[in-house]
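Q: Please take a close look at a single part of this model and set it in the context of its surroundings. A connected account of the strand pairings around that part would be most useful.
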Amino acid sequence: MSTNQPSGKSPARLKRVKILKKVIVTFVLTLIFLPLAMAIYFGCMAVSLKEELKNKESELNYYMELQSEASFQKNTNVSLEDVSKGEASLNEPYKISESDVSKLSLKDEELYAGYKKVYLTFDDGPGQNTDEILDILDRYNVKATFFVIRKDGRNNEKLYQRIAESGHSLGMHSCTHVYKDLYQSVDAFKEDTKELRDFLYLVTGVESDIYRFPGGSSNNVSPVDMHEFANELSKEGIVFFDWNISSQDATAIPLGKDRIVKNVTSQLSEYNEAIILFHDLDEKRTTVEALPEIIEYIQSMENTVILPITRDTNPIQHLSVK
Ligand SMILES: [Zn+2]
């Protein structure tokens, strides 16, 4: 009996078995790794598309705000005479009702009766320029108003705190500034406002009672009637403010410093109460550069005072009364 004799298996058969084994192993490995590779590939694609979508969304928001400001700018060209003759629609800012005025403390109004009042407002911060803007305001001993969004992190917390501690007004401008989320329903708007108010209170101890709608109250992006949101704010004791002078610093291609100065100073004589719109965004360097010149110009105007917005301030509101 020979021990070398394989138990009835020919070399050809062994080779076939070996090949078959290889095929099976390759097939099994493919079954395991192909879906895995596909999952990784599509996962990566999803992450990059999500990122791109986020960027496009914020870009869209930005252009919508721009459009909204542009449309308001057009509206302000309507003369009051045209309005009174019924030849133009009512888009001019309206004053708060007498009953509401009686509820407000008129401290600034009394203190500066007969003065022209100018309010510098900065939207969309805090950001990389906030500290520098605050330094400039300190240098000229001026108090302004910051309509902020929610940004987490210790550095941002310090900025909210510095705004509040320096005596500037801390206003709300929504948590995320994403129109489609904020304006999707009254409930969403209420929740967003409460979240931001609580957040600011937690960080600064200030319970903010002033608001600026992203895109302004005259925006035409909200599917819900803006009056409904205005009513909600009013129920919470929050007053909203738009603007009557835009520095137009929100353009996609940043305006030069001189242009921003001119946009503001050329309109100042038109108003006894001027609320000026600026943006406290990282890329808005020319806003920061223009600020000292604008403040110096206002401080050189006779009987004119720069004040922070409070509930006492007469609101400039684009939204017409219903
Ligand atoms: Zn904004």
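Which residue in β7 stands opposite K117?

A: In β7, the residue opposite K117 is E273. This is a predicted model, in which local features need pLDDT of at least 70 and side-chain atom pairs count only at pLDDT 80 or more, while totals for chains, interfaces and linings use all residues. Residues are numbered from 1 along each chain as its sequence is written.

The facing residues K117 and E273 belong to the pairing of strand β1 (residues 116-123) with β7, which is parallel and extends over 7 bridges. Strands are DSSP runs of E with at least two residues, helices are runs of H or I with at least four, and both are numbered from the N terminus. Two strands pair if DSSP finds at least two bridges between them. Further along the β1-β7 pairing, L120 stands opposite I276 in β7.

Strand β7 spans residues 273-279, and 6 of its 7 residues are buried, so the rest of the structure largely encloses this strand. A residue is buried if 20 or more other C-beta atoms lie within 10 Å of its own, exposed if 12 or fewer do, and partly exposed in between, with C-beta atoms placed from the backbone. Strand β1 is likewise largely enclosed by the rest of the structure, because 6 of its 8 residues are buried. For the protein as a whole, 31% of the 322 residues count as buried.

Besides β1, strand β7 has a parallel partner in strand β6 (residues 245-246), to which 2 bridges join it. In that pairing, I245 stands opposite I276 in β7. I276 thus faces L120 of β1 as well as I245 of β6. Strand β6, helix α10 (residues 257-265) and β7 form a β-α-β unit that is right-handed, meaning that, with the strands pointing away from the viewer, the path from the first strand over the helix to the second runs clockwise.

Within the loop between β6 and α10 lies Q248, a residue with a positive phi of about 55 degrees although it is not a glycine. Q248 counts as partly exposed because it has 19 C-beta neighbours inside 10 Å. Most residues other than glycine have a negative phi, and most peptide bonds are trans. Helix α10 itself contains T265, which touches I294 and Y297 when residues up to four places away in sequence are not counted. Contact here requires that the C-beta atoms, placed from the backbone, lie within 7 Å. The C-alpha atoms of T265 and Y297 are separated by 7.3 Å, although these residues are 32 apart along the chain.

Strand β1 also has other partners. Its pairing with strand β8 (residues 304-306) is parallel, over 3 bridges, and there V118 stands opposite I306. A further 3 bridges join β1 to strand β2 (residues 145-148), again in parallel, with D123 opposite F147. The chain passes from β1 through α5 to β2 in a right-handed β-α-β crossover. In the loop between β1 and α5 is P126, and the peptide bond from G125 to P126 is cis, with omega near 0 degrees.

The part under discussion also contributes to the largest nonpolar core, which has 54 residues, with Y119, I275 and I276 making the most contacts inside it. Helix α11 (residues 285-300) gives the most residues to this core, namely 6. Such a core is a set of buried Ala, Val, Leu, Ile, Met, Phe, Trp, Tyr and Cys residues joined through C-beta atoms within 7 Å. Leaving aside neighbours within four places in sequence, I275 is in contact with Y119, T121, F241, W243, N244, I245 and I316.

Helix α11 packs against helix α5 (residues 130-139) at an angle of about 5 degrees, with the axes 10 Å apart. Axes are lines fitted to C-alpha atoms, for helices over the stretch in contact, and angles run from 0 to 180 degrees between N-to-C directions. The two helices α5 and α11 are therefore roughly parallel to each other, a description applied to angles under 35 degrees, whereas those over 145 are roughly antiparallel, 65 to 115 roughly perpendicular and the rest oblique. At this packing, E132, I133 and I136 in α5 meet V288, L291 and P292 in α11.

Key. Two residues are in contact if their C-beta atoms, placed from the backbone, lie within 7 Å.
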